[in-house]
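Q: Please take a close look at one part of this model: how enclosed it is, what lies over it, and how it fits into its surroundings.

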Amino acid sequence: MALTSTLTMENGVAKITLAGELDASVAGAFKETIEQAAAQNPTRLVLFMEGLDFMASAGLRVLVFAKQKMRSDVPIYIIGCQPPVLSSLEMSGFQKSVYLQDSYTDE
Amino acid sequence: MVLPASVDVLGDVRRFIKNAAEQAGLDGKSTYNLQLALDEIVTNVILYGYEASGLTGNIVLKSDRTEESLVITLEDTGIAYDPRTREMPDEVDLSKDLEDRPIGGLGIFLAINGVDEFNYERAGNRNINTFTVYRSRRRQQTGGGSS
């Protein structure tokens, strides 16, 4: 299954919805979406991952890129990960740098 | 299963593993972890064993079931490379903020931690990576001690 990554900007918040499977063959497309989001100088980045069925380390590296590309005061939220994807994030220590949440509401 | 060494085949690799895992009766978590392990090592083989070295070729996947385990064998004719020699992130690396990480080795870290046994050997011009997952609950009893 291919990956879809959709960016919307809402009140300065960059929201990206990911669906499908994120491996090395499609990580570049996700990275481009991150670059588009970063170019808008968002106040925060919110990634909706409910529909993401698979994520390889290529996806983790894009998340590292996102954290390094955005200003350090731009928090990253990852919402609704499926358990195996969440497990990869936690095994890799990402919970120390991003907010992993089941759901998201605009503040 | 023989596939050309291209990242375009990663989905086919995962489907092959999913079928093998289902036939072996693995649970969802073990199946996903095995798919991830193969995806990571196959990606390495394609990008570094073949493409970065200017080589082309195939990858060969085999699945063998025993009463106790499912064994997936991955063979390629890229440059010799033992994933176990790759320096993997340790506790200190994994506790660093993402902003301070030059992340390397995460894929192999996830791959090796996702299966019960991982082995590598070089035979002639072939790299042979072997992934073993126990079919019983033995896996949980043996635990996944950190190293």
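**A buried helix and its surroundings**

A: Of the 147 residues in chain B, 35% are buried (20 or more other C-beta atoms within 10 Å of the residue's own, against 12 or fewer for exposed and in between for partly exposed, with C-beta atoms placed from the backbone). This is a predicted model, in which local features need pLDDT of at least 70 and side-chain atom pairs count only at pLDDT 80 or more, while totals for chains, interfaces and linings use all residues. Residues are numbered from 1 along each chain as its sequence is written, with chains lettered from A and ligands numbered from 1 in the order in which they are written.

The part to look at is H4(B), residues 106–113. Its buried residues are B:Leu106, B:Gly107, B:Ile108, B:Phe109, B:Leu110, B:Ala111 and B:Ile112. With 7 of its 8 residues buried, H4(B) is therefore largely enclosed by the rest of the structure. The cover over these buried residues comes from both chains: it includes H2 and H3 (83–91) of chain A, along with H2 and strand E4 (117–123) of chain B. Helices (H or I, at least four residues) and strands (E, at least two) are DSSP runs numbered from the N terminus.

H4(B) also belongs to the side of chain B that touches chain A, where H1 (10–24), H2 (28–50) and H4 of chain B each give two or more residues. The contact (C-beta atoms, placed from the backbone, within 7 Å) involves 22 residues of chain A and 23 residues of chain B. H2(B) gives the most to chain B's side, 7 residues. By class, that side has 10 nonpolar, 8 charged and 5 polar residues; Ala, Val, Leu, Ile, Met, Phe, Trp, Tyr, Cys and Pro count as nonpolar, Asp, Glu, Lys and Arg as charged, and the others, Gly among them, as polar.

On the chain A side of the cover, H2(A) meets H1(A) through residues including A:Val62, A:Phe65 and A:Ala66. H1(A) brings A:Phe30 and A:Ile34, among others, to that contact.

Chain B as a whole has 5 helices and 5 strands, in the sequence order β-α-α-β-β-α-α-β-β-α. Its radius of gyration, over C-alpha atoms, is 15 Å, close to the 15 Å from the globule rule (2.2 Å times the number of residues to the power 0.38) for 147 residues, so chain B is as compact as a globular protein of that length. Along the principal axes, its C-alpha atoms fill a box of roughly 40 × 40 × 25 Å. Among contacts in chain B with a separation of 6 or more, 68% join residues 24 or more positions apart.

Terms used
Two residues are in contact if their C-beta atoms, placed from the backbone, lie within 7 Å.
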